[in-house]
Amino acid sequence: MLRRFRQPKSRDCLLAQSWEDPEAFAAFFEAYSDRVLGFLARRVLDPEVAFDLMSETFATALERSRQFRGTTTEEEQGWLFAIARRELSQYWRAGRVERSALHRLSVTVPVLTDPEFERIEELAGLAPLLATLPEALAALPSDQRRAIELRVVEERGYPDIAATLDVAEAAARARVSRGLRALARAMAASPTDELTRDPA
């Protein structure tokens, strides 16, 4: 399921190779899955959600691989992380992982085991991030903080959040989204951090 990160044996663009060699996509996944997973986990602070987003990111990459026009590892990384950021943005808007590409490809996402949860937390460095969560949450405007508490801590749906806050559902979604983005800025590096750079 989850594999330890290892560099591709070749510095050639694996995604372009996958058009003719399906095994190249497996190598593409091995090369970047941990980095995408860490990138997402540091932003959603939830290993299971991060794993679902990572799975959808690679399913979309596989589905759209022939749309890729790059020729270098830097270009394939940029293309892949653009997909990951779109998946993350959709997650903030919808409040759930959109599994459209996974469904179209008939891929079932496995349930994570406890050791896999722990590995994702270690991979993303979540322990120190979570330690700063109370302070970062306290710094949010009260309306955003309450919306996040209802959504993340109490795991309520948006209609229920809207009713509790006495606002429209769109306003409830906006408060959660703005609050989570503010938390991400406070607690994590930017989306162009070391996770998105090509390793030496």
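Helices (H or I, at least four residues) and strands (E, at least two) are DSSP runs, numbered from the N terminus. The model is predicted, with local features needing pLDDT of at least 70 and side-chain atom pairs counting only at pLDDT 80 or more, while totals for chains, interfaces and linings use all residues. Residues are numbered from 1 along each chain as its sequence is written, and side-chain values use heavy atoms, with hydrogens and water left out.

**Exercise 1. Place aspartate 52 in the structure and state its surroundings.**

Step 1. Aspartate 52 belongs to helix H3.
Step 2. Its relative accessibility is 13%, so aspartate 52 counts as buried, where buried means under 20% relative accessible area, exposed over 50%, and partly exposed in between (1.4 Å probe, protein chains only).
Step 3. Leaving aside residues up to four places away in sequence, aspartate 52 touches Val97, Arg99 and Val109, contact meaning heavy atoms within 4.5 Å.

**Exercise 2. Compare the expected span of helix H2 with the distance between its end C-alpha atoms, and describe the course of the helix.**

Step 1. The expected span of a helix is 1.5 Å times one less than its number of residues.
Step 2. H2 covers residues 22-44, and because it has 23 residues it should span 33 Å; its end C-alpha atoms lie 31 Å apart, which agrees.
Step 3. H2 nevertheless contains a kink of about 45 degrees, centred on tyrosine 32, the bend at a residue being the angle between axes fitted to the seven residues ending there and the seven starting there.
Step 4. Of the 23 residues of H2, 18 are buried, and the helix is thus mostly covered; just after H2, leucine 45 takes a positive phi of about 60 degrees.

**Exercise 3. Classify the packing of H2 against H3, and name the residues that make the contact.**

Step 1. H2 and H3 (residues 47-63) pack at an angle of about 140 degrees, with their axes 9 Å apart; axes are lines fitted to C-alpha atoms, for helices over the stretch in contact, and angles run from 0 to 180 degrees between N-to-C directions.
Step 2. This angle makes H2 oblique to H3, since angles under 35 degrees count as roughly parallel, over 145 as roughly antiparallel, 65 to 115 as roughly perpendicular and the rest as oblique.
Step 3. The residues in contact include Phe25, Phe28, Tyr32 and Leu40 of H2, and Val49, Phe51, Met54 and Phe58 of H3.
Step 4. The crossing of H2 past H3 is right-handed; a crossing is left-handed if the near helix is turned anticlockwise from the far one by less than a right angle, and right-handed if clockwise.

**Exercise 4. Describe alanine 162 and the packing of its helix against H9.**

Step 1. Alanine 162 is found in helix H10 (residues 158-165), and with 6% relative accessibility it counts as buried.
Step 2. Not counting residues up to four places away in sequence, alanine 162 touches Val167, Ala168, Glu169 and Ala172, while its C-alpha atom is 8.3 Å from that of arginine 173, 11 residues apart along the chain.
Step 3. Helix H9 (residues 142-153) packs with H10 at an angle of about 140 degrees, the axes being 10 Å apart, which makes H9 oblique to H10.
Step 4. The crossing of H9 and H10 is right-handed, and Arg146, Ala147, Leu150 and Arg151 in H9 meet Tyr158, Ile161, Thr164 and Leu165 in H10.
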